[in-house]
Amino acid sequence: MPKRLAILCCSLLLSSCDSSNPDQPAGSFAQHLALQGIGFQINSSNQGSLNQLHIVPSGLSVANTAIQREIDGSVSGAEVADLNADGAPELYVFVTSAGSGSSGSLVAFAANQKKSLSEIYLPPLTDNPPLMQGYMGHDQLSIGDGVLVRRFPLYRPDDVNAAPSGGSREIHYQLLPGEAGWQLKVVHSVDSPDK
């Protein structure tokens, strides 16, 4: 009897760990993240070039209203962090566009004093021409040591999209209060040559 019980427990454990959900389309994105008592359920079908991003917050003291946003591309990842060290988390959802350029974009929200969410603005690279030099997409966003990090290959004038030869650029953004909410501002950038 104990052997049967052990086999039953193992099979139940394996079935609960199975990540394949028959109700979830292949390639879709679904993740739950939490920090400092605030949770976020993130879902996107990731089917085609335009998708619906759904974010359901929990634990906020005033408003836990679900957010729905059309995104140009697919969700490639998400992270929760407290970049401004104010004791309330932010959610960062990374989006990669369809097509050969595969440019990166961001959907992000700050949990203001753990009460409600407000959007975080990431200025487009076009606002900073020196940082645009050599850019042709293929950028990746991630959370680093207290900053948002954007990395992308650099292209020389004769490079084709599939073969950049100019090295890479890494840009660090700090989360700061803006005029109408939170804004990510460039604090550092460095170019690295090809290895």
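Is Arg151 buried, partly exposed or exposed? Arg151 is partly exposed, at 38% relative accessible area. I start there as a way into the salt bridges, but first some background. What we have on the screen is a predicted model, so please take everything that follows as computed from that model.

The overall picture, then. The protein chain has 195 residues, and 35% of them count as buried. Its accessible surface is about 11100 Å², and carbon and sulfur atoms account for 54% of that. There are two helices and twelve strands. Reading from the N terminus, a helix comes at the start, then eight strands, then the other helix, then four strands. On contacts: if we take pairs of residues at least 6 apart in sequence, 39% of those contacts join residues at least 24 apart.

Now the sheet. Eight strands make up an open sheet, and the order across it is β5-β6-β7-β8-β12-β11-β10-β9, with mixed pairing. The edges are β5, residues 74-81, and β9, residues 140-143; each has a single partner strand, so one side of each has no neighbour in the sheet. On average, neighbouring strands in this sheet are turned by 25 degrees against each other, ignoring direction.

Let me go through three of the pairings. Strand β7, residues 104-112, and strand β8, residues 116-121, run antiparallel and are joined by five bridges. In that pairing, Ala110 has Ser118 of β8 as its bridge partner. The two strands form a hairpin with three residues between them, and Gln113, in the turn, has a positive phi of about 50 degrees.

Next in the order, β8 pairs with β12. Here the sense is parallel, and there are two bridges. Tyr121 stands opposite Gln183 in β12.

Then β12 and β11. Strand β11 covers residues 168-178 and strand β12 covers residues 181-192; they pair in the antiparallel sense, over eleven bridges. One position to look at is Ile171, whose bridge partner in β12 is Ser189.

Back to the salt bridges. How many salt bridges does a search of the whole structure find? The search finds four, and I will show three of them, beginning with Arg151.

Glu170 forms a salt bridge with Arg151, with the closest N and O atoms 2.8 Å apart. Glu170 is in strand β11 and Arg151 is in strand β10, so this pair ties together parts that are 19 residues apart in sequence. The cut-off for buried is under 20% relative accessible area. Glu170, at 22%, therefore counts as partly exposed, and Arg151 is partly exposed as well, at 38%.

The pair between Asp191 and Arg169 comes next. Their side chains meet in a salt bridge at 2.7 Å, N to O. Asp191 lies in strand β12 and Arg169 in strand β11, so the parts tied together are 22 residues apart in sequence. On accessibility the partners fall into separate classes: Asp191 is partly exposed at 41%, whereas Arg169 counts as buried at 7%.

The last pair I will show is Arg150 with Asp139, where the closest N and O atoms are 2.9 Å apart. Arg150 sits in strand β10, residues 148-153, while Asp139 sits in the loop between α2, residues 129-132, and β9; the pair therefore ties together parts that are eleven residues apart in sequence. Which class do these two fall into, buried or exposed? Arg150 counts as buried, at 6% relative accessibility. Asp139 is buried too, with a relative accessible area of 4%.

One more site before I stop, and this one is in a loop. Asn46 is located between β2, residues 38-44, and β3, residues 50-58. Although Asn46 is in a loop, Asn46 is buried, with a relative accessible area of 14%. What does the side chain of Asn46 have a polar atom 2.9 Å from? The answer is the backbone nitrogen of Val75. Val75 falls within the residue range of β5, the edge strand I mentioned earlier. Leaving aside neighbours within four places in sequence, Asn46 is in contact with Gly27, Ser28, Phe29, Asn51, Ser74 and Val75.

That is the tour: the sheet, three of the salt bridges, and the loop site at Asn46.

Conventions
Residues are numbered from 1 along each chain as its sequence is written. This is a predicted model: local features need pLDDT of at least 70, side-chain atom pairs count only at pLDDT 80 or more; totals for chains, interfaces and linings use all residues. Side-chain values use heavy atoms; hydrogens and water are left out. Two strands pair if DSSP finds at least two bridges between them. Axes are lines fitted to C-alpha atoms, for helices over the stretch in contact, and angles run from 0 to 180 degrees between N-to-C directions. Buried means under 20% relative accessible area, exposed over 50%, partly exposed in between (1.4 Å probe, protein chains only). Contact means heavy atoms within 4.5 Å. Accessible areas come from the Shrake-Rupley method with a 1.4 Å probe; for residues, only the protein chains shown count as cover. A polar contact is a pair of N or O atoms within 3.5 Å; within protein, one must be able to donate a hydrogen and the other to accept it, and residues adjacent in sequence count only if both atoms are side-chain atoms.
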